[in-house]
Amino acid sequence: MTEQDGAEPEFRPYHHPAAGWGAAKSVTRFLVRERELLDGPRAILKMNHENGGFDCPGCAWPDDTKGLHLDICENGIKHVTWEMTRKRVGREFFAAHTVTELSGWSDFALEDQGRLTEPMRYDPDTDHYVPISWPDAFALVGRVLSGLDDPGQAAYYTSGRLGNEATFLYQLMARELGTNNLPDCSNMCHEASGRAMQAALGTGKGTVDLKDWELTDALFVFGVNAASNAPRMLTALAEAYRRNARIVHVNPLVEAAATRTIIPHDFARMATLRATPTGNLNVQPRIGGDMALVRGMAKAVLEQARTDPKALDTEFIERHTTGFADYRALCEATSWEEIEHQSGVAVADIRAAARIYREADRSIVSWCLGITQHEHGVDTVREIVNLLLLRGNLGREGAGPSPVRGHSNVQGNRTCGIDHRPAAAFLDRLGEVCGITPPREHGLDTVGTIEAMHRGEVKVFVGMGGNFALAAPDTPYTAAALRECELTVQVSTKLNRSHLVHGRQALILPCLGRTEKDHQRGGLQSTSVEDSMSMVHLSVGMKRPASPHLLSEPAIIAGMARAALPDSATPWESYVEDYDRIRDTMARVLDGFEDFNRRVRLPLGFRIRQPARELVFHTPSGRAEFSTATLPDVVPAPGTLALGTMRSHDQWNTTIYSDDDRYRGIRNLRTLIFLNAEDMRERGLAEFDEVDITSTAKDGSTRCLYRYKAVPYDIPRGCAAGYMPEMNVLCAIGDYSTQSDQPIMKHLTVTVRPSA
Ligand SMILES: Nc1nc2c(c(=O)[nH]1)N[C@H]1C(S)=C(S)[C@@H](COP(=O)(O)OP(=O)(O)OC[C@H]3O[C@@H](n4cnc5c(=O)[nH]c(N)nc54)[C@H](O)[C@@H]3O)O[C@H]1N2
Ligand SMILES: Nc1nc2c(c(=O)[nH]1)N[C@H]1C(S)=C(S)[C@@H](COP(=O)(O)OP(=O)(O)OC[C@H]3O[C@@H](n4cnc5c(=O)[nH]c(N)nc54)[C@H](O)[C@@H]3O)O[C@H]1N2
Ligand SMILES: [Mo]
């Protein structure tokens, strides 16, 4: 619920181009609401500048390689403004409201109180958060951590916002303490991409950069709502369209990015309202139908190759890959009927997509959560790689796999050591350079941590950013798990649900945001981040901190580490004085970070070397490996629907800016479920009729949401969609992919009935 509380919901299909004046208007409204009409625009002009600006804390889309000076988007601006708000939540606020009272507030109201200003400790006697000094807060953390029987009784969560330097210190602290329990938000978004590409190509990351996007002949965009979640991709799509590249969107929903756009920094077009198309073909598979679709595209390419040898890049396949014959046999053995049934796409349409692929010299396949948050996410990403390998779309300009990462530094977090399954070679180097003995056994990921807290095996939860209580699956189960803890520590910028769903002892440690100046003994500090395309660059804050009592994330980590490890030989204090010292250590531990301090100061930063890009494959065979997984059955059983949870346009994960979802034509409504009109008719439902939604988990247990409003939408039959995090109530804790351990958030089995 937001400020629009009580306003009538509306649904009017959106027919305007993405971005354009609609975005400009929405930004202005937001700046007015946050009272940021002066500093807001000034900060926006500093964002994503080569050299000197701060990195947009929004999504991980890379900055323009040409050093464009206004490559920003509506949602990035909202995100920055959200952090820069003038509102504050200080000790008076906490003195005025008990935690029980605050628990009844909406999530919007909590964050809307503004920036946290000083460390707070939960007082169980009064049910209030009370001020605590930084030294006392650190001492409390140190005391509880030192008192554990086993370092594995603590888990250290990261949300993908944390800069590289803080990330490195954080994982160093966890491993020096003796655990690899490093759950992160990536466990919920791109774990499948990492595992699949690691197995196929020996790298967990995409191999292309923005230059490749500028050169490619065909772009395939799977399962991403780019206009809302990676809006700067619109620029790349419009530019690709203008130079006659072909663009195929694969999504059960026809999202705004699949139609046309007016790029906000394209002033002439803004003034004349001239939109550029951003797609040539829309393919609407059923939810989970992508793997069958890609198999079909591969089958069509292989069929063509019988008469047209140029359909395949035989030389590439022979020199660089293994497993081709088996994959070809599998494609031949998979019937068109099965492909059509499982994908939900007519063979003619699959052939149309395959033809665009086959006729393009260079293709890029890009994807996000619509592909990964599934039981068979790993198999699907591998199928995508198979398709790319058939035509040698790897290791050359304008071609390759391009996952769209989520949080602005989620990729950097993994690079810099946030990994509950670290490679042995990384641990060796970390141990050698940092003089510690890192634990070897794998740690817990997000789902594993929740289950372990529930069993009482993990007693301390530290959250470096994020909003774990709401972002994780199975909301009541996760809440109960957090409440089992001896201590929960949340390092945050704003008040959120995770502060109210806490352990027996609890701390809120407020930190500097990315837009703010970070002064340490060694002067003004900068931190580095890595974008979706492996570019590492510096981010420097430019605003006065929201409160003089805030500490930087590196300082908070170092404070906790010193308290928990009083005899540690790690120079925690010295690291915090000057982040160049952290970077010097990182340069010795991390592959591709040599000469880090110099290279990160180059105007556009530097790109981490990508072995697969150079056709060097760190796989068992030393080649790119085709996979041969059988197609899963994703067709919902009669009477049930496959439900995908997703974001609205006006939200950032658990942060809800308003109840509108402009591009989907929705106003004043979040408790909705998008349904196919036929599926609604079958259930006797009209627009905005109230329904109860029941999910059935793998173990047969059920979970319910009541009185959601049905909205007829252009979505394949048997499919449904609605918003996270409200719908996380329906995600069973046990329903994670056996391939990636990722919670299944895009393919819930549900029944929908009119509310009683
Ligand atoms: N403004 C804004 N930007 C963001 C975020 C935000 O919340 N707000 N979140 C950030 C984060 S952490 C992430 S991970 C990304 C998420 O970016 P997205 O992946 O765009 O996130 P979702 O909103 O979950 O949208 C999933 C998309 O996949 C489609 N989809 C669902 N099921 C399927 C399927 O089976 N197949 C296919 N092909 N498509 C499917 C949905 O229709 C939807 O378009 O965005 C990042 N950027
Ligand atoms: N059902 C369902 N659930 C999902 C998803 C889905 O598609 N469907 N998506 C999943 C995905 S992809 C992700 S990434 C997760 C997101 O999970 P999280 O990353 O845990 O959640 P966020 O909402 O991004 O975190 C917002 C909070 O971060 C804090 N914060 C903001 N800026 C900073 C900062 O600079 N420093 C620090 N320390 N804190 C800061 C603020 O206090 C804010 O309240 O949700 C997952 N959950
Ligand atoms: Mo994400």
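In this predicted model, the axes of helix α17 (residues 336–343) and helix α18 (residues 347–359) come within 10 Å of each other and cross at roughly 90°. Because angles of 65 to 115 degrees count as roughly perpendicular, α17 and α18 are classed as roughly perpendicular to each other. On the side of α17, the contact is made by Trp336, Ile339, Glu340 and Ser343, and on the side of α18 by Val347, Ile350 and Arg351.

A second helix pair is formed by α7 (residues 134–146) and α27 (residues 553–564), whose axes come within 7 Å and cross at roughly 50°. At this angle α7 and α27 are oblique to each other, and their crossing is right-handed. The residues of α7 that take part are Trp134, Phe138, Ala139, Val141, Gly142, Leu145 and Ser146, which meet Ala555, Ile556, Gly559, Met560, Ala563 and Ala564 in α27.

Leu145 and Met560, which belong to the two sides of this α7–α27 contact, are also among the members of the largest nonpolar core that touch the most other members, a group completed by Tyr156, Tyr170, Met173 and Leu509. This core comprises 62 residues, and helix α8 (residues 164–177) gives the most to it, with 8 residues. A second, separate core holds 57 residues, including Met297, Ile356, Val378 and Leu388. In soluble globular proteins, nonpolar side chains tend to be buried together. When neighbours within four places in sequence are left aside, leucine 145 is in contact with Ala154, Tyr156, Leu177, Val460 and Ala564.

Helix α8 is also a packing partner of helix α22 (residues 424–434), in which Phe426, Leu427, Leu430, Gly431, Val433 and Cys434 are buried. These buried residues of α22 pack against α8 and, in addition, against α29 (579–589). After α22 comes glycine 435, which has a positive phi, near 65°.

Several local backbone features were found in loops. Most residues other than glycine have a negative phi, and most peptide bonds are trans. Aspartate 127, although not a glycine, has a positive phi of about 60°; this residue is placed in the loop between β5 (120–123) and β6 (128–131), and its relative accessibility of 15% puts it in the buried class, the limit for which is under 20%. Asparagine 653, likewise not a glycine, has a positive phi of about 50° and is placed in the loop between β26 (651–652) and β27 (655–656). With a relative accessible area of 17%, asparagine 653 is buried as well. A cis peptide bond, with omega at about -5°, joins methionine 724 to proline 725, and the latter residue is found in the loop between β32 (719–723) and β33 (748–754).

Glutamine 610 lies in the loop between β23 (606–607) and β24 (624–625) and is buried, with a relative accessible area of 3%. Its side chain is joined to that of threonine 203 by a polar contact of 3.2 Å. Apart from neighbours within four places in sequence, the residues in contact with glutamine 610 are Thr203, Lys205, Gly206, Thr207 and Ser534. Thr203 is also one of the residues in contact with glutamine 198, together with Gly204 and Thr619, once neighbours within four places in sequence are set aside. Glutamine 198 lies in helix α9 (residues 191–201) and, at 39% relative accessibility, is classed as partly exposed. The C-alpha atoms of glutamine 198 and glycine 639 are 38 Å apart in space, and the two residues are 441 residues apart in sequence.

Histidine 537 lies in strand β22 (residues 535–539) and has a relative accessible area of 11%, so that it is counted as buried. Leaving aside neighbours within four places in sequence, histidine 537 is in contact with two aspartates, Asp55 and Asp63, with Thr527, Ser528 and Val529, and with Val600, Leu604 and Gly605.

Definitions and conventions: Residues numbered from 1 in each chain as written. Chains lettered and ligands numbered in written order. Predicted model: local features only at pLDDT ≥ 70, side-chain atom pairs only at ≥ 80, totals over all residues. Heavy atoms only, no water. Core = buried A, V, L, I, M, F, W, Y, C linked by side-chain atoms within 4.5 Å. Buried < 20%, exposed > 50% of the residue type's maximum accessible area, 1.4 Å probe, protein only. Helix = DSSP H or I, 4+ residues; strand = E, 2+ residues; numbered from the N terminus. Contact = heavy atoms within 4.5 Å. Polar contact = N/O pair within 3.5 Å; in protein donor to acceptor, adjacent residues only side chain to side chain. Axes fitted to C-alpha atoms, helices over the stretch in contact; angles between N-to-C directions. Parallel < 35°, antiparallel > 145°, perpendicular 65-115°, else oblique. Left-handed = near helix turned anticlockwise from the far one by under 90°.
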